[in-house]
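Student: Could we look at this protein together and ask what its inside is like? I would love to go step by step.

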Amino acid sequence: MIPVARPDIGPDEIAAVTEVLESGMLAGGRRVAELEERFAAFIGTRHAIAVSNGTVALMCLYQGLGIGPGDEVITVGHTFNATVSAIMSSGATPVFVDIERDTYDIDAGLIEAAITSRTRAICPVHLFGLPADMTAIADIAGRHGLAVVEDACQAHGAEFDGRRVGSFGHGAFSLYGTKNMTTGEGGLITTDDDRLADWIRLYRNQGMRERYRHEILGYNYRLTDIAAAIGLCQLDKLGRNTARRQAIAARYDAAFADLPLRTPVIPAGRTHVFHQYTVAVEADRDGIIADLGAAGVSTGIYYPIPVHRQPYVLERGIHADLPVTDEVAAHTLSLPMFPGLGDRDQDTVIAAVRAAVERRAATTLR
């Protein structure tokens with residue numbers, strides 16, 4: 001079975017982890033500091049702070065920005081749950097707006113109407129590796145005095161007008177096992193705000209700047225040196241792996257150009273890093289998925305139940321009418337996308353997709 005995703009882990013990562021294990025300094029060593037320094041330089045921010053996962057990265061940002069009960073954060077329902085659970089962990093309320101039908105990113109034209117006197121931040125999600133419209137979002141945020149928290153958990157290295165995501169506001173990146181850059185589990189926060197960076201470094205380390213003196217209420221949200229060693233290797237090959245993902249996407253685009261499905265749209269000025277390659281089919285998605293599975297091709301639905309329809313959100317009395325989100329959730333599927341996907345396996349995927357879509361389209365017409 002050809003998987004949807006597979007991490008690119010090789011001899012470099014194994015050697016780096018072995019070196020850390022042999023050093024005896026498994027946590028609190030130089031690897032974390034080196035990863036932070038290099039990732040900040042990569043994104044183009046003054047600070048990068050390593051934490052235990054991407055969800056925690058978002059949670060730390062809301063806590064550090066002082067966002068809490070009574071506040072609102074504007075975001076989307078077409079995203080992984082952590083985008084919203086992180087907002088709610090602070091006591092704030094998510095306010096949902098719809099997405100663009102072609103990019104699956106937040107529809108910036110709908111944001112201003114959702115702003116109230118309680119709005120404190122906008123959280124755009126650079127979904128599947130495609131940046132949201134950061135010019136429009138930054139302009140709205142600036143005019144209304146709002147923070148911008150970029151959920152860049154799927155968008156390592158993606159660019160908007162030549163500037164990397166995570167540098168427009170305060171960025172949160174995931175280093176989960178299937179992400180474009182992984183440490184197994186982990187996260188990174190990027191910001192130019194010196195005060196915020198200092199606070200988060202305390203918060204992730206039990207509130208300590210010096211041992212056993214706790215300046216603030218904090219927790220253990222640290223990243224280990226073992227994980228950071230893997231992350232440094234991953235950062236070294238991120239550019240190469242991104243180029244490979246883009247080449248795979250280009251082959252898919254060409255192969256599916258004549259089929260009744262919508263391939264990823266990339267507006268001018270945006271660089272897509274293809275965490276996922278997601279298509280929208282016109283009919284019988286379940287049948288297409290079944291046919292692909294029978295042909296040995298794995299698929300994923302990201303995400304079958306939008307967050308605004310999740311039970312824990314609804315039970316809190318939070319409701320939103322998001323017709324485009326609901327439509328996208330019912331019609332999209334993601335195909336195998338990872339740097340190690342060879343041309344032969346991709347040809348298998350392409351042939352299986354063509355056969356499934358053509359078969360199911362013909363069945364629907366009858």
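Tutor: Happily! Let us begin with a term: a cavity is a set of grid points where a 1.4 Å probe fits but cannot get out. Keep in mind that this is a predicted model.

Student: How many cavities of 30 Å³ or more are there?

Tutor: Rolling a probe the size of a water molecule over the atoms shows where empty space is left. Taking the cavities of 30 Å³ or more, the count comes to 3.

Student: Which class of residue gives the most to the lining of the largest cavity: nonpolar, polar or charged?

Tutor: The largest cavity holds about 80 Å³ of space. Its lining includes Tyr104, Leu127, Phe128 and Pro264, along with Asp102 and His272. By class there are 4 polar residues and 1 charged residue, against 7 that are nonpolar.

Student: And how many charged residues line the second largest cavity?

Tutor: That cavity has a volume of about 60 Å³. Of the 13 residues lining it, the closest to its centre are Arg6, Pro7, Asp8, Lys179 and Arg245. Sorted by class, the lining has 4 nonpolar and 5 polar residues, and the number of charged ones is 4.

Student: Now the filled parts! Which helix gives the most to the largest nonpolar core?

Tutor: In soluble globular proteins, nonpolar side chains tend to be buried together. Here the largest nonpolar core has 28 residues, and Ile74, Tyr104 and Met134 are among those with the most contacts inside it. Strand 2 (72-76), strand 3 (93-97), helix 5 (111-114), helix 6 (134-144) and helix 12 (323-331) each supply at least two residues. With 4 residues, the element that gives the most is helix 6.

Student: Which residues is Ile111 in contact with, leaving aside its neighbours within four places in sequence?

Tutor: Ile111 is one of the residues with the most contacts inside the largest core. Contact here means heavy atoms within 4.5 Å. With those sequence neighbours left aside, the partners of Ile111 are Ile74, Ile106, Ile122, Ile137 and Ile140.

Student: How many disulfides does the structure hold?

Tutor: A disulfide needs two cysteine sulfur atoms within 2.5 Å. For Cys123, the nearest cysteine sulfur is that of Cys153, 8.7 Å away, so Cys123 is in no disulfide. For the whole structure, the number of disulfides is 0.

Student: Is Cys123 buried or exposed?

Tutor: Buried means under 20% relative accessible area. Cys233 has 12%, so Cys233 falls under that cut-off. Cys123 has a relative accessible area of 0%, so Cys123 is also buried.

Conventions. Residues numbered from 1 in each chain as written. Predicted model: local features only at pLDDT ≥ 70, side-chain atom pairs only at ≥ 80, totals over all residues. Heavy atoms only, no water. 1 Å grid on protein atoms, 1.4 Å probe; cavity = no way out; pocket = protein on both sides within 12 Å on 5 of 7 lines; lining within 4 Å. Points joined across faces, edges and corners; volume = space filled by probe spheres on them. Nonpolar A, V, L, I, M, F, W, Y, C, P; charged D, E, K, R; others polar. Core = buried A, V, L, I, M, F, W, Y, C linked by side-chain atoms within 4.5 Å. Buried < 20%, exposed > 50% of the residue type's maximum accessible area, 1.4 Å probe, protein only.
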